[in-house]
Amino acid sequence: MSIRLGDDAPNFTAQTTEGEINFHEWLGQDWGVLFSHPKDYTPVCTTELGMAARLKPEFDKRGVKIIGLSVDPLDSHAGWAKDIEEAQGAKVNFPMIADADKRVSDLYDMIHPNASDTFTVRSVFIIGADKKIKLMLTYPASAGRNFDEILRVIDSLQLTAKHSVATPVNWKDGDDCIIIPAVSDEDAKEKFPKGWTAIKPYLRVTPQPNK
Ligand code: BEZ
């Protein structure tokens, strides 16, 4: 099944290292990041999971739950988690889905047969509190993801959700934002009391509203 931005995040029940979950119930009112790993006991994934565990407090601060997935069974995940702790100095502190029957991988289109018909690619789905898909990333197995970028884009998505702003190239938390074109100058006066600079009539730059 193909998934597009703005779609409802498909719900599922699955076995995880923290027990069986119903995905939507597990998310509750929080945002979520669902990310896949090609295979257990693989080197790049080991570094990614260590990093995700270290960054968990940053996801918590933003009200975001994280959950990994790989197409191996639970006992394999449990053994690999020990390795990750040894190798990365970080205990995996979020659930990992054991998707041995590839049910969730298929639901989220994480297996790209021309890359591999057995392993998932490195997918990232960011899901809003409204359970809609806000962002998707797809990496090949050989390239580890940048979890700082995932946090950066969550900051951008959450700003857009609360204020009528977009974020420019290479934006990071604290930088100036862009007033979205749908907001008229008249409405912007009320929404952005700090004012803005109009570099072009369609490019209006304002200080980050929540700072
Ligand atoms: C890895 O996670 O290291 C990996 C997995 C599959 C293919 C290549 C690398």
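## Salt bridges across the chain

A salt bridge here is a side-chain nitrogen of Lys or Arg within 4 Å of a carboxyl oxygen of Asp or Glu. Keep in mind that this is a predicted model. By that rule, the count comes to 16 salt bridges. Let's start with E48 and R145, which form one of them, with their closest N and O atoms 2.7 Å apart. This pair links distant parts of the chain: E48 belongs to helix α2 (residues 43–61), R145 sits in the loop between β7 (133–139) and α5 (147–162), and 97 residues separate the two. As for cover, both E48 and R145 are buried.

Now take K211 and D173, another salt bridge, where the closest N and O atoms are 3.0 Å apart. K211 is found in the segment after β11, while D173 is in the loop between β8 (165–166) and β9 (177–179), so this pair ties together parts that lie 38 residues apart in sequence. K211 counts as exposed, because its relative accessibility is 56% and the cut-off for exposed is over 50%. D173 has a relative accessible area of 39%, so it is partly exposed.

## A helix tied to a strand, and a network

D185 and R204 also meet through their side chains, in a salt bridge of 2.8 Å from N to O. Because D185 lies in helix α6 (residues 185–191) and R204 in strand β11, the pair ties together parts that are 19 residues apart in sequence. How exposed are the two partners? D185 is partly exposed, at 42% relative accessible area, whereas R204 is buried, at 4%.

Salt bridges can also join up into a group: E58, K61, R62 and D155 are linked in a network of them. As a general point, side chains of opposite charge can pair when their charged atoms come close.

## The sheet that holds β11

Strand β11, home of R204, is part of an open sheet of 4 strands. Their order is β8-β9-β11-β10, and the pairing is antiparallel. Which strands are at the edges? They are β8 and β10, each of which pairs on one side only.

At one edge, 2 bridges join β8 to β9, and these strands run antiparallel. Here A166 has I178 in β9 as its bridge partner. At the other edge, β10 (residues 197–200) and β11 (residues 203–206) are joined by 3 bridges and also run antiparallel. T197 stands opposite V205 in β11. Together β10 and β11 form a hairpin, with 2 residues between them.

## Around the ligand

Which residues surround the ligand? They are P38, T42, P43, V44, C45, R122 and A141. Helix α2 gives the largest share of this shell, with 3 residues; that is the helix that also carries E48. Sorted by class, the shell has 5 nonpolar, 1 polar and 1 charged residues.

Some of these residues place N or O atoms close to oxygen atoms of the ligand. V44 has a backbone N or O atom 2.6 Å from a ligand oxygen, and for P43 a backbone N or O atom lies 3.1 Å from one. With R122, a polar side-chain atom is involved, 2.9 Å from an oxygen atom of the ligand. How much of the ligand does the protein cover? On its own, the ligand has 260 Å² of accessible area, and the protein covers 75% of that.

Technical notes. Residues are numbered from 1 along each chain as its sequence is written. This is a predicted model: local features need pLDDT of at least 70, side-chain atom pairs count only at pLDDT 80 or more; totals for chains, interfaces and linings use all residues. Side-chain values use heavy atoms; hydrogens and water are left out. Two strands pair if DSSP finds at least two bridges between them. Buried means under 20% relative accessible area, exposed over 50%, partly exposed in between (1.4 Å probe, protein chains only). A residue is near a molecule or strand if one of its heavy atoms lies within 4 Å of it. A polar contact is a pair of N or O atoms within 3.5 Å; within protein, one must be able to donate a hydrogen and the other to accept it, and residues adjacent in sequence count only if both atoms are side-chain atoms. Accessible areas come from the Shrake-Rupley method with a 1.4 Å probe; for residues, only the protein chains shown count as cover. Ala, Val, Leu, Ile, Met, Phe, Trp, Tyr, Cys and Pro count as nonpolar, Asp, Glu, Lys and Arg as charged, and the others, Gly among them, as polar.
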